[in-house]
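Me: I would like to learn how to read side-chain features in a model. Could you take me through one?

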Amino acid sequence: MTAIIKPVSIAWRHALLLLLVLGSLVVLMIQAPIGQDLAYHEFVDARSFFGIPNFYNVISNLPFLIVGIVGSVFCVRQPSSPSKTAWVIFFIGMCLVSLGSAYYHLDPDNQSLMWDRLPMTIGFMGLFAALLGEYVHVSLTRYLLLPLILIGISSVLVWYGYDDLRLYAWVQFMPLLVIPAMLCLYRKSYSHSHLLVLALFCYVIAKLLEAFDAEIFAFLQNEIAGHAIKHVFAAIGSAMILWMLRVRNYLPGLA
């Protein structure tokens, strides 16, 4: 009986995960094209300090660089594993996010925004590929890492070339649906998965801070705006993932 039920159970979980991935894409693609609102580039805190325009939005990218460097070095030094390359790419992506976002905020427009978004998609897809291999099946990281990165890069190029954000929105938000589902549907291969949940929570908070940029600036009496704090919270989320990788233990028999 167990031998019959287990494959069915696995197939059901795989099917649900695939439904979330493809269903979310279909829902977005049946919508009308989503153009880039040029008001997105108008941040409430545009103050310059030390000759740097939009100072706080630029300098607040430094935590990404710190986490990215430390995380890359840590992962490179780890023993070889199926997900090692994906984790390295995730942290390299964080380094590039720091540089791309700082470049964008020096002179915000669609062209510079492209260099902000490209490394974000690389980081997102590296993280997603690593977790697919660790939670669903070990071979998924090897087979899907490169295609996922190419999809992420393509989503930015489609937006920039055709002013359509639908595919980029899917690349950014689909993992927020699928990763929690993986945590619920599949047994853990490693301990400390709660740190991954905290990382996702930090990212959700970061998106809220971005959405209420001006309101937070007013609440904090024009000291610092939501977008700069968003960078810090997103970097904290990346640091949570690094912490998870450093302290977790393999759980034999639960994979």
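Reply: Happy to. Keep in mind that this is a predicted model. Let us begin with L19, which has its place in helix 1 (residues 2-29).

Me: Is L19 buried or exposed?

Reply: The idea is to look at relative accessible area, where over 50% counts as exposed. L19 is at 56% relative accessibility, so it counts as exposed.

Me: Which residues make the nonpolar surface patch?

Reply: W12, L16 and L19 make it, and the patch covers about 330 Å².

Me: Let us turn to rings. How many aromatic pairs does the structure hold?

Reply: There are 11 aromatic pairs. In one of them, F49 and F55 meet edge-to-face, with 5.6 Å centre to centre and 75° between the planes. The label follows from the angle, because planes over 60 degrees apart count as edge-to-face.

Me: How accessible are F49 and F55?

Reply: F49 has 31% relative accessibility and therefore counts as partly exposed, while F55 is buried, with a relative accessible area of 12%. F90 and F91 also form an edge-to-face pair, at 4.8 Å centre to centre and 70° between the planes. Here F90 counts as buried at 4% relative accessibility, and F91 is buried at 0%.

Me: Which residues form an aromatic cluster?

Reply: F49 and F55 belong to one, together with F50 and Y56.

Me: Rings can also face charges. Where does the charged end of R117 sit?

Reply: For this feature, look at the position of the charged end relative to the ring centre. The charged end of R117 sits over the ring of W159, 4.6 Å from its centre. R248 offers another case: its charged end sits over the ring of Y190, 3.7 Å from the centre.

Me: Now the cysteines. How many disulfides does a search of the whole structure find?

Reply: Zero. The test is distance, because a disulfide needs the two sulfur atoms within 2.5 Å. For C184, the closest cysteine sulfur is in C202, 18 Å away, which is too far for a bond. C202 is in no disulfide either, the nearest cysteine sulfur being that of C75, 18 Å away.

Me: Are C184 and C202 buried or exposed?

Reply: C184 counts as exposed, at 68% relative accessibility. C202 counts as buried, at 8%.

Me: And how many salt bridges does the search find?

Reply: Five in the whole structure. To read one, find the closest N and O atoms of the two charged side chains. In the bridge between D45 and R47, these atoms are 2.8 Å apart. D45 is buried, with a relative accessible area of 5%, whereas R47 counts as partly exposed at 30%.

Me: Which residues are linked in a network of salt bridges?

Reply: K207, E210 and K230 are. Take the side chains of E210 and K207, which meet at 2.8 Å, N to O. Both residues are in helix 8 (residues 194-211), and because they are three residues apart, about one helical turn separates them.

Me: What does the pair of E210 and K230 link?

Reply: In this salt bridge the closest N and O atoms are 3.3 Å apart. The pair links distant parts of the chain, with E210 in helix 8 and K230 in helix 10 (residues 226-247), 20 residues apart. E210 and K230 are both buried, and E210 has 15% relative accessibility.

How values were computed:
Residues numbered from 1 in each chain as written. Predicted model: local features only at pLDDT ≥ 70, side-chain atom pairs only at ≥ 80, totals over all residues. Heavy atoms only, no water. Patch = residues over 30% accessible without salt bridge, like charges linked within 9 Å, V, L, I, M, F, W, Y side chains within 5 Å. Areas by Shrake-Rupley, 256 points an atom, 1.4 Å probe, with all protein chains shown as cover. Salt bridge = Lys/Arg side-chain N within 4 Å of Asp/Glu carboxyl O. Helix = DSSP H or I, 4+ residues; strand = E, 2+ residues; numbered from the N terminus. Buried < 20%, exposed > 50% of the residue type's maximum accessible area, 1.4 Å probe, protein only. Phe/Tyr/Trp six-rings, centres within 6.5 Å; stacked < 30°, edge-to-face > 60°. Lys NZ or Arg CZ within 6 Å of the ring centre and 35° of its normal.
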